[in-house]
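Hi,

Here's the structure I promised to pass on. Have a look, and my notes follow underneath.

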Amino acid sequence: MNNKKETHILIVEDEASIARFLSLELEFEGYKCIVATNGREGLEEALSKDYALIILDVMLPDLNGIEVLRRLRQQKQTPVIILTARDTVMDKVSGLDLGASDYMTKPFAIEELLARIRANLKKYLKQESEVLSLGELEVDTISHKATYLGETIELTKKEFDLLVYLLKNRNTVLSREKILDVVWGFEFYGNTNVVDVYIRYLRSKIDDKFKISLIETVRGAGYTIR
């Protein structure tokens, strides 16, 4: 693919052997790679240049990967694939909640990583600016900004994704299972309680804060926004 020659990927990885392996494999595929060996260097590099995608290790010196991601998301929405040896649910939740695009656990198959890179790049590059609104509530899906009467609503990545899904399906009752499948995917399969928890988070930040009633519970069926 010719467009890969224009695609720059930042690898933030302190293990030299892994960083070199990733760099060689990605460059063989036609991507241009820059390697940062610690969290602080990686964050500075990510903020100073416009990368198409970032591969980010969690266990980094100077600044861990989760903190790098948190600070990055304050300024940029560059796709980030977290790469780590840690495989606990909380690690995944922390990374995805802060805005990671994907999550892979070491050891990994390079073919799978390449496939995920292609999928995330395709999704990101095809995005078009879209502003969703309902009354005085406005949500910009590219800048990841939500406001009510012009006041910014501070949302985590998953809260934002849930709100966008509700708005795109306004006046439609969505089951917990459907919400779970679309917003969280297979990693939380069967655990519909997480939907109830995040609906409460949204209500506290929108309905309760602004004294409105947008998010409704339909007993025995699910949730809707109208």
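Starting with a helix on a sheet: helix 6 (residues 157-168) lies across strand 6, strand 7 and strand 8, and runs at about 115° to strand 7. Contact here means heavy atoms within 4.5 Å. Helices (H or I, at least four residues) and strands (E, at least two) are DSSP runs, numbered from the N terminus. Axes are lines fitted to C-alpha atoms, for helices over the stretch in contact, with angles running from 0 to 180 degrees between N-to-C directions.

Keep in mind that this is a predicted model: local features need pLDDT of at least 70, side-chain atom pairs count only at pLDDT 80 or more, and totals for chains, interfaces and linings use all residues. Residues are numbered from 1 along each chain as its sequence is written, and side-chain values use heavy atoms, leaving out hydrogens and water.

Now the sheet. Its four strands form an open, antiparallel arrangement in the order 6-7-8-9, where pairing takes at least two DSSP bridges between two strands. Strand 6 (131-134) and strand 9 (151-153) are the edges, each pairing on one side only. From one strand to the next, the twist averages 25°. Four bridges join strand 7 (residues 137-140) to strand 8 (residues 145-148) in the antiparallel sense, and Val139 has Ala146 of strand 8 as its bridge partner.

Further along, the axes of helix 7 (residues 176-184) and helix 8 (residues 193-205) come within 9 Å and cross at roughly 80°. That makes the two helices roughly perpendicular (65 to 115 degrees; under 35 is roughly parallel, over 145 roughly antiparallel, the rest oblique).

Cheers
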